[in-house]
Amino acid sequence: MTEPRNTLPAATADGAPLALDQATRDRLEAAIGDSLAPATRRAYRAAWSAWVAWADQVGTDAMPARPDALAAFLASRAEGGASMATLRMATAAIGKAHELAGEANPCADRIVKTAMQGLARQAADAGATARQARALDAEAVATIRGAYNGEADTLPGALTVAICSVMAEAGLRRSEAAALRWCDLEPAGDGSARLTVHRSKTDQLGDGAVVALTSQAVADLDRLASLAGTGWGTDAPVFGLSDRQIARRIAAAAKRAGLGDGFSGHSGRVGMAKRMTRNGAPAAAVMRQGRWSTVRMVARYTRNENAGEALKYL
């Protein structure tokens, strides 16, 4: 079976045919497709393909899916070493595929929910925890800056330092960093700057958010702009790299600086949250800088720092 196409209803709820011209139908089809971010669509496509292959192998329909078959698929993936994050992605993808095809979501069935709860408990009992990227905090960035001190006036060195500096302060996702343009940056009178994130994982409608950069990050960006022959206010990309290239550059920079493994394109967000929390920032301020809608992720990233508060009273 193939991945279901985004389909529109052919009739209204009362059975009357929809009077839509082709241009309108095409626009609506595209709108449904664009309701998911490109990265999410890629992840869903991979998860859907895995489900289809398993369903074909055991002789069951992938669409519409039987809840008991889906529960067995999830158990099989877990047995094969899949993490809970992978299983949750699978249920989200399969559920979305059924929704777009106008079918009932099998993931909402009790047997699938019960299976997921049991698999989560088994994973916890086995000691499986979500791996968190190592924090690209102020100390890590300073160490990387020192490691590249001899190349500070070369374009590759300045680019690496600016990536680490900006992502550690603005808490950018790697996709946001890849999309950043010089016109998204605005210097402030005190030497700091404001960075506009036009669209992100949690802002698919493009309402935008503004975050702050310190004078140190501004200095790193000034050096990069000078060496790249561009400048603030232009429409040129700031880093000129893909999101994956940015993640690889952070990991390589951390290794070169002697910080070890575990750094990724998500390290800046972790580092920003920990840095602000250590400096006494309220959760609301951390949430604004990281564009989080709930405090849950802030608490997850800063749990070690929060646990340290007990030392004041022990």
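Glu151 and Arg256 pair up in a salt bridge, with their closest N and O atoms 2.6 Å apart; the term covers a side-chain nitrogen of Lys or Arg within 4 Å of a carboxyl oxygen of Asp or Glu. This one links distant parts of the chain: Glu151 sits in the loop between α6 (138-147) and α7 (155-170), while Arg256 belongs to helix α10 (residues 243-256), 105 residues apart. Helices here are DSSP runs of H or I with at least four residues, numbered from the N terminus. Both partners are partly exposed, Glu151 at 27% relative accessible area and Arg256 at 42%. On this scale, buried means under 20% relative accessible area, exposed means over 50%, and partly exposed falls in between (1.4 Å probe, protein chains only).

The model is predicted, so local features need pLDDT of at least 70 and side-chain atom pairs count only at pLDDT 80 or more, though totals for chains, interfaces and linings use all residues. Residues are numbered from 1 along each chain as its sequence is written, and side-chain values use heavy atoms, with hydrogens and water left out.

Helix α10 also holds Asp243, whose partner Arg174 lies in helix α8 (residues 174-179), so this pair ties together parts 69 residues apart in sequence. Their N to O distance is 3.7 Å. Asp243 is partly exposed at 22%, and so is Arg174 at 34%.

A more local case is Asp220 with Arg223, at 3.4 Å between the closest N and O atoms. The two are 3 residues apart in helix α9 (residues 215-228), so about one helical turn separates them. Asp220 is buried at 1%, whereas Arg223 is partly exposed at 32%.

Elsewhere, Asp137, Glu139 and Arg278 are joined into one network by salt bridges that share partners. The total comes to 12 salt bridges.
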